[in-house]
Amino acid sequence: MPLTRITLGDTYSDRQIALMSTILHQTLVDSFAVPVEDCFQLFDKLPANQRIFNTHYLSGGRSEGFVLIQITAGRPRTPAQKQDFYRMLNERFGRELNISPDDVMVIIQFNQAEDWSFSRGEMFCP
């Protein structure tokens with residue numbers, strides 16, 4: 001049950017965003033054991049003056065193509081699953097969208113099932 005917020009520059013086209021969405025979700029399915037129908041993504045497309053980031057902090061060099069992906073998930077994953085996700089996502093973004101690995105930053109946060117209400121004011125209980 002991940003919720004993913006993707007923040008990127010306003011230079012990305014609708015086609016690129018749709019492909020990014022597909023790649024991201026498929027990578028979560030492949031590496032995080034997320035059900036195919038469990039897709040919740042929010043894209044924030046911002047102009048350069050609203051995206052302030054260090055171009056070199058722990059990176060080989062970020063460009064205006066920088067993409068920040070924040071994932072909130074209800075079930076913890078192992079370090080190996082996280083590393084597989086990071087690697088696979090970067091490979092797919094590079095191959096299919098020509099996004100540099102230096103332009104992809106991922107933050108994953110976990111919480112508990114009771115922290116989710118999918119609808120009707122009901123707490124999620126697996």
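**A guided tour from helix H2 outwards**

Begin by selecting helix H2: its buried residues pack against helix H1, strand S3 (67-73) and strand S4 (104-110). The model on the screen is a predicted one.

**Stop 1: helix H2**

Keep H2 (residues 79-97) selected. H2 contains 19 residues and reaches 26 Å from its first C-alpha to its last, which is close to the 27 Å expected at 1.5 Å a residue. Next, show the side chains of Phe85, Met88, Leu89, Asn90, Arg92, Phe93 and Leu97, which are buried in H2. When viewing the spacing of side chains on a helix, recall that an α-helix has 3.6 residues a turn, so residues three or four places apart point the same way. Then move to the residue that follows H2, asparagine 98, whose phi is positive, near 60°.

**Stop 2: the nonpolar core**

In soluble globular proteins, nonpolar side chains tend to be buried together. Which residues of the largest nonpolar core touch the most other members? Select Met20, Ile69, Phe85, Leu89 and Phe93: of the 22 residues in this core, these have that role. Colour the chain by element, and note that strand S1 (3-9), H1, S3, H2 and S4 each give two or more residues to the core. The most come from H1, which gives six residues.

Now centre the view on methionine 20. Leaving aside neighbours within four places in sequence, methionine 20 is in contact with Ile6, Leu8, Tyr12, Phe43, Val67, Phe93, Leu97 and Ile99. Two of these partners, Phe93 and Leu97, have already appeared among the buried residues of H2.

**Stop 3: a pair of rings between two helices**

A pair of aromatic rings is described by the distance of the centres and the angle of the planes. Six aromatic pairs are counted in this model. Select phenylalanine 32 and phenylalanine 85 for one of them: the ring centres are 5.2 Å apart and the planes stand at 50°, so the pair is tilted. Phenylalanine 32 belongs to helix H1 (residues 14-32) and phenylalanine 85 to helix H2, so the pair ties together parts that are 53 residues apart in sequence. Are these two rings buried or exposed? Phenylalanine 32 counts as buried, at 0% relative accessibility, and phenylalanine 85 is buried with a relative accessible area of 0%.

**Stop 4: an aromatic cluster**

Select phenylalanine 118 and phenylalanine 124 next. Their ring centres lie 5.4 Å apart with the planes at 80°, so this pair is edge-to-face. Phenylalanine 118 is partly exposed, with a relative accessible area of 40%, and phenylalanine 124 is partly exposed, with 28%. Add Phe40 and Trp116 to the selection, and one aromatic cluster is displayed, formed by these residues with Phe118 and Phe124.

**Stop 5: the whole chain**

Finally, show the whole protein chain as a cartoon. How many helices and strands does the protein chain have? Its secondary structure comes to two helices and four strands, and from the N terminus on the elements run β-α-β-β-α-β. The radius of gyration is 15 Å, close to the 14 Å that the globule rule gives for 126 residues, so the chain is as compact as a globular protein of that length. Along the principal axes, the C-alpha atoms fill a box of roughly 40 × 30 × 25 Å.

Switch to a surface view to end the tour. The protein chain exposes about 7400 Å², of which carbon and sulfur atoms supply 54%. Buried residues make up 39% of the 126 residues.

Note on methods: Residues numbered from 1 in each chain as written. Predicted model: local features only at pLDDT ≥ 70, side-chain atom pairs only at ≥ 80, totals over all residues. Heavy atoms only, no water. Phe/Tyr/Trp six-rings, centres within 6.5 Å; stacked < 30°, edge-to-face > 60°. Buried < 20%, exposed > 50% of the residue type's maximum accessible area, 1.4 Å probe, protein only. Expected span 1.5 Å × (residues − 1). Contact = heavy atoms within 4.5 Å. Core = buried A, V, L, I, M, F, W, Y, C linked by side-chain atoms within 4.5 Å. Rg over C-alpha atoms; globule rule 2.2 N^0.38 Å. Areas by Shrake-Rupley, 256 points an atom, 1.4 Å probe, with all protein chains shown as cover.
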